[in-house]
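Me: I would like to learn how to read a structure step by step, beginning with its pockets. Could you take me through one?

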Amino acid sequence: MVLFVLERVTPASASEAWRCLTRWERHADVVPLTRVTVVTPPPTCEGTVFVARSGLGPLAFDDPMEVVAWDPPREDRPGTCRLAKRGTFVTGWAEIEVHASDRGGSRIVWREELRVRWLPRLCDRPLAWVARRMFGRAVDGLLRGAGG
């Protein structure tokens, strides 16, 4: 199991950053060899389910996720979203927080716990390193759509 935290600052408003980070289909634009299908009808709310399919051919796997907490940002408080990873290969959770900044723009905190089935604990440190970089690049790419 690996736990990592990413923080980013963007000139985009909290609501715009939130929109860019929670348009699930767009995640496929920033994660190589991945496509995302939202299974439930819009709008996103608790209970929304989507599946990220990553890899090539027989080496691909599904990463189904469910939104288990959904509270968009408001003027007086940050937005929070929690995803439960429901796959057979990758499990865990992710939390996205979007805070409005006093100086304009917003600050994002992305926490994620990953468990990869059949991967020995010896691989936790390299997995954390790879995941932090991969998800960091994905968040950066998603925020570019918000002017960040």
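Me: Which residues lie nearest the centre of the largest pocket, and how many residues line it?

Reply: A pocket is read through the residues that line it, and because this is a predicted model, what follows describes the prediction. Here 32 residues line the largest pocket, and those nearest its centre are Val31, Ser54, Asp63, Met134 and Phe135. The elements that each give two or more residues to this lining are strands 2, 3, 4, 5, 6 and 7, together with helix 3. The space in the largest pocket comes to about 650 Å³.

Me: Which element gives the most to the lining of the largest pocket?

Reply: That is helix 3, which contributes eight residues, and which runs over positions 124-144.

Me: How do the residues of the lining divide into nonpolar, polar and charged?

Reply: One sorts the lining residues by the kind of side chain they carry. In the lining of the largest pocket, 25 residues are nonpolar, four are polar and three are charged.

Me: What pattern does the protein follow along the sequence?

Reply: One lists the helices and strands in order, and in this protein, which has three helices and seven strands, the order reads β-α-α-β-β-β-β-β-β-α.

Me: What radius of gyration does the protein have, and what would a compact globule have?

Reply: One compares the model with a rule for a globule with that number of residues. For 148 residues a compact globule would have a radius of gyration near 15 Å, and the protein, with 15 Å, agrees with this. Its C-alpha trace spans about 45 × 35 × 25 Å along the principal axes. Of its 148 residues, 42% count as buried, while the protein exposes about 8500 Å², of which carbon and sulfur atoms supply 56%.

Me: Is Glu113 buried or exposed?

Reply: Burial is judged by relative accessibility, with under 20% as the cut-off for buried. Glu113, which is found in strand 7, has 11% relative accessibility and therefore counts as buried.

Me: Which residues is Glu113 in contact with, leaving aside its neighbours within four places in sequence?

Reply: They are Met1, Val2, Leu3, Thr91, Gly92 and Trp93. Met1 is 112 residues from Glu113 along the chain, yet their C-alpha atoms are separated by 6.8 Å. For the protein as a whole, among contacts between residues at least 6 apart in sequence, 47% join residues at least 24 apart.

Note on methods:
Residues numbered from 1 in each chain as written. Predicted model: local features only at pLDDT ≥ 70, side-chain atom pairs only at ≥ 80, totals over all residues. Heavy atoms only, no water. 1 Å grid on protein atoms, 1.4 Å probe; cavity = no way out; pocket = protein on both sides within 12 Å on 5 of 7 lines; lining within 4 Å. Points joined across faces, edges and corners; volume = space filled by probe spheres on them. Helix = DSSP H or I, 4+ residues; strand = E, 2+ residues; numbered from the N terminus. Nonpolar A, V, L, I, M, F, W, Y, C, P; charged D, E, K, R; others polar. Rg over C-alpha atoms; globule rule 2.2 N^0.38 Å. Buried < 20%, exposed > 50% of the residue type's maximum accessible area, 1.4 Å probe, protein only. Contact = heavy atoms within 4.5 Å. Areas by Shrake-Rupley, 256 points an atom, 1.4 Å probe, with all protein chains shown as cover.
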